[in-house]
Structures are given as structure tokens and as C-alpha cells.
Amino acid sequence: MFSFKKHVLVCTNEKPLHCAEKGGLQLLDAFREEVKKKNLQSEIYVTKTGCTSQHHCGPAVIIYPDGVWYKEVKPSDVTEIIESHLVGGKIVERIHNKEIGLEK
């Protein structure tokens, strides 16, 4: 059985005007490449997900178990999310979607 510290879910819904059309598929690839590059595959699991109902501010990325949602994420944000949030524990506030997430 595998056990990861963090799970990154990248919305890749392919309907018109949804996350895939806004770069979700490229974002998924960027996360997977950067996790591999940093040799974090045993700690961080990256998967795609269907619609998160946040396509108005997509591409959306969800980090579990933290319950943190990011909005309008670009491949250029991936390294910062990994280093700051996934490794360092500090949310990247400039793209944090405070409108949705887990109740603390």
C-alpha cells in the first residue's frame, strides 16, 4: 500500500470554457514533471480530476489533506506551490482561492 503526504488534484475538465481549455492538461504535466524532477514521487501524488465547479476561475488545483484550493494556476506557479506549500507548508496566497476549501 502506498501512503503519500500530499495529494495534488488538477482539474482537467474538457468542456468548453473549463479548466482543460484554460491550461489544465499542461498544468497536470508540469506538476508531474516537477515532482519527478525534485524526486518527490513517494511524498506527493498528482492526479487529474473532473469538474470542480470552479471553471470560472480555473484551472483549479486542490491540495489534500490540507483542503486548500488554488485558482487561475499556471505552469509557472508549479515550482512555487511545490516548494512553498507542499514542502514548506506555506500557502501561496496570491493564487489561494479563499472562496472554497475545508472548514477549519
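Patches are made of residues with over 30% relative accessible area and no salt bridge, and nonpolar side chains are joined within 5 Å. With that in hand, here are some close-ups of this predicted model.

**View 1. A nonpolar patch made by Phe2, Phe4 and Tyr45.** Together these residues give a nonpolar surface patch of about 350 Å². Phe2 sits in the segment before strand 1 (6-11) and is exposed, with a relative accessible area of 74%. Its companions are covered to some degree: Phe4 is partly exposed at 32% relative accessibility, and Tyr45 is partly exposed at 39%.

**View 2. The aromatic pair of the structure.** A search of the whole structure turns up one such pair. The ring centres of Phe4 and Tyr45 lie 4.9 Å apart and the planes meet at 15°, so the pair is stacked. Here distant parts of the chain are linked: Phe4 belongs to the segment before strand 1 and Tyr45 to strand 2 (residues 44-49), 41 residues apart.

**View 3. An open sheet of five strands.** The strand order is 2-1-3-4-5, with mixed pairing. Strand 2 and strand 5 (96-101) are at the edges with a single partner strand each, so one side of each has no neighbour in the sheet. On average, neighbouring strands are turned by 30° against each other, direction ignored. Strand 1 and strand 2 run parallel and are joined by six bridges; look for Leu9 opposite Thr47 in strand 2.

**View 4. A salt bridge between Glu43 and Lys5.** The side chains meet at 3.9 Å, N to O. Glu43 is in the loop between helix 1 (24-37) and strand 2, while Lys5 is in the segment before strand 1, so the contact ties together parts 38 residues apart in sequence. Glu43 is partly exposed at 29% relative accessibility, whereas Lys5 is exposed at 56%.

**View 5. A buried salt bridge between Lys6 and Asp66.** In this pair the N to O distance is 2.7 Å. Lys6 comes from strand 1 and Asp66 from the loop between strand 3 (61-64) and strand 4 (68-70), 60 residues apart. Both residues are buried.

**View 6. Lys98 with Glu93, and a network elsewhere among the seven salt bridges.** The side chains of Lys98 and Glu93 meet at 3.2 Å, N to O. Lys98 is exposed at 58% relative accessibility, and Glu93 is partly exposed at 44%. Salt bridges with shared partners also join Glu34, Lys38 and Glu83 into one network.

Terms used:
Residues numbered from 1 in each chain as written. Predicted model: local features only at pLDDT ≥ 70, side-chain atom pairs only at ≥ 80, totals over all residues. Heavy atoms only, no water. Patch = residues over 30% accessible without salt bridge, like charges linked within 9 Å, V, L, I, M, F, W, Y side chains within 5 Å. Areas by Shrake-Rupley, 256 points an atom, 1.4 Å probe, with all protein chains shown as cover. Salt bridge = Lys/Arg side-chain N within 4 Å of Asp/Glu carboxyl O. Helix = DSSP H or I, 4+ residues; strand = E, 2+ residues; numbered from the N terminus. Buried < 20%, exposed > 50% of the residue type's maximum accessible area, 1.4 Å probe, protein only. Phe/Tyr/Trp six-rings, centres within 6.5 Å; stacked < 30°, edge-to-face > 60°. Pairing = 2+ DSSP bridges. Axes fitted to C-alpha atoms, helices over the stretch in contact; angles between N-to-C directions.
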